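Open the model in your viewer and keep the selection tool at hand. The stops below say what to select and what is there.

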Amino acid sequence: MTSNKTRIFIDGQHGTTGLKIHERLKDRPDIELLELPMADRKDLAKRVEITKAADIAVLCLPDAAVKELMAALGDADTCVIDASTAHRIADGWTFGFPELEKAQRRKLLESNRITNPGCYSTGGIALMRPLVDAGILRADATPAVFGVSGYTGGGKELIAVHENPDVEPFGLYGVELAHKHVPEMKKYSHLEHAPLFVPSVGHYAQGMLVMVPITRDIVARKVTAADVHKVLSDHYAGEKFVTVRPLADRKWLERDRFLRADRLIDTNSMELAVYGNDAEENILVVASLDNLGKGASGAAVQVINLKTGVDEATGLAVAA
């Protein structure tokens, strides 16, 4: 970077993700936050100017606004972290999930165009990619992925809906089976076909569960829950933010039965778990994370830390 402090511009800092990133960075002595006056925040020329003045720009904007800015920015050497879906599978952009594979941190360090992962896809990819690479989950299979998120995942519009006392307590959506996170799940899980993804929203603010059944029809060979657990454990060994619970762990269950979706809120942690019925050859893998933490703002801050050479956990909470 060009000075003692890293200059960071958050374009869209008043949105849900932008606010959380700003909150995590605002008091850090190694960071200088660049801001535009409110009256200039839709002025493209001024946004381009301040983006070029920044070492890192984080784009917390709708896809169309991101594409407009990037077209105007051209090949400027500012490191851009795009939190929208505009570049999730685009050529020339690096996926901002450092734990994806052993070489991913090096790729992020070498890139100045980084796309922040989606919240659901962070969990889905974390579960499926190691199993595909290990030859357990067939690359030509169509896994089913189920997710439930707190309503903050839908931004200000959905948050406003859930402030209504008559709102539904739980809602399944995405019945068109074309959710915006599906393309990145396919690409970064090394799948040949899109997974069947079924998302849902609960009447609570933050927290997420992502579940993938590993059934006999999608595996390359007969496997046990212990086989799946070993692959995930080996893949994430030594990681600070992505950890694997003991096989068939019940200690994190409420009343020895229920897995809460809000266990890891306000952290950048993601915990994975494996459960199975080996007699029926059925296995369930589950990811638990904060949709606004490792699933959004925390992920962006982790990459900022990596890019600036500080400890990746700086300004980020880790689950106890």
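## A tour in four stops

R255 is found in the loop between β11 (242-244) and β12 (270-277). The model is a predicted one.

**Stop one: two residues with positive phi.** Stay on R255. Its phi is near 50°, a positive value in a residue other than glycine. Is R255 buried or exposed? With a relative accessible area of 65%, R255 is exposed, because the cut-off for that class is over 50%. Now select L177, in the loop between β8 (170-172) and α7 (182-188). L177 is not a glycine either, yet has a positive phi of about 60°. The relative accessibility of L177 is 48%, so this residue counts as partly exposed.

**Stop two: the open sheet.** From the loops, move to the strands. General background helps here: strands of a sheet pair through backbone hydrogen bonds, and the pairing can be parallel or antiparallel. Select β8, β9, β7, β10, β13, β12 and β11; in that order, these seven strands form an open sheet with mixed pairing. Which strands are at the edges? They are β8 and β11, each of which pairs on one side only. On average, neighbouring strands of this sheet are turned by 20° against each other, direction ignored.

Zoom in on β10 (residues 208-214) and β13 (residues 282-289). These two strands run antiparallel and are joined by seven bridges. To see one pair of facing residues, select L209 and then S288 in β13, which stands opposite.

**Stop three: the largest pocket.** Turn on a surface or pocket display if your viewer has one. The largest pocket holds about 1,000 Å³ of space. Its lining consists of 48 residues, and those closest to the centre are T16, T17, C60, L61 and P62. Among the elements that give two or more residues to the lining are β1 (6-11), α1 (16-25), α3 (63-73) and α9 (293-308). What classes of residue make up the lining? There are 17 nonpolar, 21 polar and 10 charged residues.

**Stop four: two cysteines.** Keep C60 selected from the pocket and add C79. How many disulfides does the structure hold? The number is zero. For C60, the nearest cysteine sulfur is that of C79, 13 Å away. A disulfide requires sulfur atoms within 2.5 Å, so C60 is in no disulfide. C79 is likewise in no disulfide, with the sulfur of C60 as its nearest. C60 counts as buried because its relative accessibility is 17%. C79 is also buried, with a relative accessible area of 4%.

Methods
Residues numbered from 1 in each chain as written. Predicted model: local features only at pLDDT ≥ 70, side-chain atom pairs only at ≥ 80, totals over all residues. Heavy atoms only, no water. Buried < 20%, exposed > 50% of the residue type's maximum accessible area, 1.4 Å probe, protein only. 1 Å grid on protein atoms, 1.4 Å probe; cavity = no way out; pocket = protein on both sides within 12 Å on 5 of 7 lines; lining within 4 Å. Points joined across faces, edges and corners; volume = space filled by probe spheres on them. Helix = DSSP H or I, 4+ residues; strand = E, 2+ residues; numbered from the N terminus. Nonpolar A, V, L, I, M, F, W, Y, C, P; charged D, E, K, R; others polar. Pairing = 2+ DSSP bridges. Axes fitted to C-alpha atoms, helices over the stretch in contact; angles between N-to-C directions.
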